[in-house]
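User: Welcome, and thanks for joining me at the screen. I have some questions about this entry, and I would like the reasoning along with each reply.

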Amino acid sequence: MKRSKITESLKHYILKVVALSFVALASFISTSFSEVRSSRDQSSGTTITQAAPTEKTVEQVFKNIKVLNDMPQSQLYPAMRFMAASLGTQCGFCHVIRNGLLDGPADDKPEKQTARSMIKMVLEINKTIARGDAEVSCYTCHRGRSSPQGFPTLPLPLPTPLPQTPAGAGSSGVADSSSRTSPNTRPNLPSADEILNKHLTAIGGKMTIDRINSLVTKGTSATRNGQSLAYETAQIAPDKGYEAFVTPSGTSERVLNGARGWLKNADGVQELLGQRLEDQKLSFPWMFTILRLKDQYSSMRVSGTDKIDDRDVYVVSAIRLDNKLEHLYFNVEDGLVRRRISYLRTMIGTIPQQTDFEDYRQVQGLKLPFTITVSFVDRGSPILIRKFTDIKLNTPLDESMFDKPSPTKKP
Ligand code: HEC
Ligand code: HEC
C-alpha cells in the first residue's frame, strides 16, 4: 500500500519537475508539495498535539537506497539537488527518464552507480578527516562540473598583497579560519551583543516589538525570470504562521503552528517534517529572524566583516537552538540585518540556503524589509523573491487559520 502511494507521489513529483522544469516557480512549489506527499504518515489523521511526529529515514521511504542509509527523509531531495548543483547537471544525468518521468529507483545509468561510489568515498574521506568543521563534499572537487579539474589553469594569477587592515579584521569572515579566535583579539569589532542591540534599536526597539502580536502581509512571490504569484501571509507571535500562494491551479497554503506544520493544495493536506518544517520557518522571517533574533540562537559570535553590494557588513556566526550553524550579516551603517545563511549539514555535504533582506521601510514604528529573497541550491528554481506591498501590524486574526488545514475548508 505504502509503496504504491510513494510511487504515485514520486511519479507526480517527476511529472511536475520534468514537465515544468522551465516553469521554475510552479515547479518550486509543486516540488515542495510533492516531496512532502511521500512523507505522509499515520499521525496526519490525528488531532493537533504539540510534539511533531518523528520522521523516517530515506531507506524506510524510498525503494532502492544502498548508501544514503540513515539520512532523514526530508534531506533526500535537498541532497539530490545538491549533487546535481555540485556537478552542474540535472536529475537526468544520473537517473533514467522514461516518458518524461524520472525513475528514481532504477539503476540503469552508470552515472548513478558512479555517484554511489562517490558518496561512499565522501563518507570515507570525512571519517578520515573527522576534525571540527573540515568537510569534503561533492562540490569540493566538482565545482559545478561533472569532470573535476585536477590541475591549476595557467597562467597563474599574480599573488595579491595582503590588505592593510587592522589585526584580525580582515576580509571575509566566512571562510576565514582566524574567525575561530575569540572576539577579544579584535578590538575593532563590536561584540555580538552590541550588534544585536543595534539591530533591535534600528528596527524600532524592544518596547515597540513587544507590542507586536500579529502581522499580516500582502504582496507577490516571484522567480528571477519574472513569473509572479499573489502571496499573502499572517503571523501571530511567537510561532504561528500562515501563507497562501495563488497559483493558476488554485490556492496553495502552508501553515506553521508551534512544532508542527502543514501544506495544503489541490492534492490534499500533508504534514511538514524535519527539514521541510525548518525551511517553512524561513517563510516567516518576522517571527524567526527580524523581530526575535536573539531567542533563536544558543550562541553568537562575531566572525569578521564583509561587503554586500559594496556596503560593509558584520558577519556573525550563530548556532541555532537545534544546533544548526547560521551566518548573519548586519549593515555596519544602520545596524539592520541584511542576510541570513543557514546551513543544512547532510552526510554528503553542507547545503546553504540564503535569505536577503532589503528595501526596509517604516511600518507603524517598526522598520521592516519589503523585499525578501531566498536563494536555494536548486538549478530548477534557484531564487524566490517575495515583495510586499502592504504590511499591517496587530490586525485581529482568526486563530483557526493556524490549525491543521482541513481538506474541505474553502481557501
Ligand atoms: C550525481 C548523480 C545524481 C543526481 C544528479 C541525482 N541523483 Fe537521485 N540518486 C542518485 C543515487 C546514487 C541514488 C541512490 C542513493 C543510494 O543508493 O543510497 C539516488 C536516489 C534518488 C531517489 C530515491 C529513489 C528510490 O526510490 O530509491 C530519488 C527519488 C532521487 N534520487 C531523485 C532525484 C532528483 C529529483 C534529482 C534531481 C534534483 C536527482 N535525484 C539527482 C544519484 C543522483
Ligand atoms: C575527491 C574528489 C571528488 C569528490 C569529493 C567527488 N568526486 Fe565525483 N568525480 C571525481 C573525479 C576525479 C571524477 C572523474 C571525472 C572524469 O572521469 O573526468 C568524478 C566523476 C564523477 C561522476 C561521473 C561523471 C561522468 O562524467 O560520468 C559522477 C556521477 C560523480 N563524480 C559524482 C559525485 C558525487 C555525487 C559526489 C558527492 C557525493 C562526488 N562525485 C564527489 C572526484 C570527486
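## Loops, ligands and hairpins

User: Let's start with a proline. In which loop is Pro238 found?

Analyst: A caution before we start: this is a predicted model, in which local features need pLDDT of at least 70 and side-chain atom pairs count only at pLDDT 80 or more, while totals for chains, interfaces and linings use all residues. Residues are numbered from 1 along each chain as its sequence is written, with chains lettered from A and ligands numbered from 1 in the order in which they are written. Helices (H or I, at least four residues) and strands (E, at least two) are DSSP runs numbered from the N terminus. On that numbering, Pro238 is in the loop between strand E4 (228–236) and E5.

User: Is the peptide bond from Ala237 to Pro238 cis or trans?

Analyst: The angle to look at is omega, which is near 0° for the bond from Ala237 to Pro238. Another proline, Pro155, sits in the loop between H6 and helix H7 (192–203), and the bond leading into Pro155 from Leu154 has omega near -5° and is cis. The bond from Ala237 to Pro238 is likewise cis.

User: How many helices and strands are there in the chain?

Analyst: Some background on the chain helps here: 34% of its 411 residues are buried (20 or more other C-beta atoms within 10 Å of a residue's own, against 12 or fewer for exposed and anything in between for partly exposed, with C-beta atoms placed from the backbone). Contacts are pairs whose C-beta atoms, placed from the backbone, lie within 7 Å, and among those joining residues at least 6 apart in sequence, 54% join residues at least 24 apart. The count of elements is ten helices and 15 strands.

User: Which helix gives the largest share of the shell around ligand 1?

Analyst: A residue is taken as near a ligand if its C-beta atom, placed from the backbone, lies within 6 Å of it, and 25 residues surround ligand 1, with Phe62, Met80, Cys91, Cys94 and Gly104 the closest. Two elements give two or more residues to this shell, helix H4 (76–87) and helix H5 (110–129). The largest share, five residues, comes from H4.

User: And which helix supplies the largest share around ligand 2?

Analyst: Here there are 17 residues, and Met118, Cys138, Cys141, Ser146 and Ser147 come nearest. H4, H5 and helix H6 (138–142) each supply at least two of the shell residues. The largest share, six residues, belongs to H5.

User: How many charged residues does the shell around ligand 2 have?

Analyst: Residues are sorted so that Ala, Val, Leu, Ile, Met, Phe, Trp, Tyr, Cys and Pro are nonpolar, Asp, Glu, Lys and Arg are charged, and the others, Gly among them, are polar. The shell around ligand 1 has 15 nonpolar, four polar and six charged residues. For ligand 2, the shell has eleven nonpolar and five polar residues, and the charged count is one.

User: What span does H5 reach from its first C-alpha to its last?

Analyst: H5 has 20 residues, and the expected span of a helix is 1.5 Å times one less than its number of residues. That gives an expected 28 Å for H5, and the reach in the model is close to it. Just after H5, Ala130 takes a positive phi of about 35°. The span of H5 itself is 28 Å.

User: Why is Asp310 classed as exposed?

Analyst: Asp310 is found in the loop between strand E9 (297–308) and strand E10 (311–320), and its phi is near 70°, a positive value in a residue other than glycine. Asn99, in the loop between strand E1 (96–98) and strand E2 (101–103), has a positive phi near 50° and is exposed because it has 7 other C-beta atoms within 10 Å. For Asp310, the reason is its count of other C-beta atoms within 10 Å, which is 5.

User: How many bridges join E12 to strand E13?

Analyst: Two strands pair if DSSP finds at least two bridges between them. E12 and E13 (residues 349–363) run antiparallel, form a hairpin with two residues between them, and place Ile341 opposite Gln354 in E13. The bridges joining E12 to E13 number eight.

User: Which glycine in the turn between E6 and E7 has a positive phi?

Analyst: Strand E6 (residues 250–257) follows E5 through a two-residue hairpin, and Arg254 stands opposite Leu263 in E7. E6 and E7 also form a hairpin with two residues between them, and the turn residue with a positive phi of about 60° is Gly258.

Terms used. Contact = placed C-beta atoms within 7 Å.
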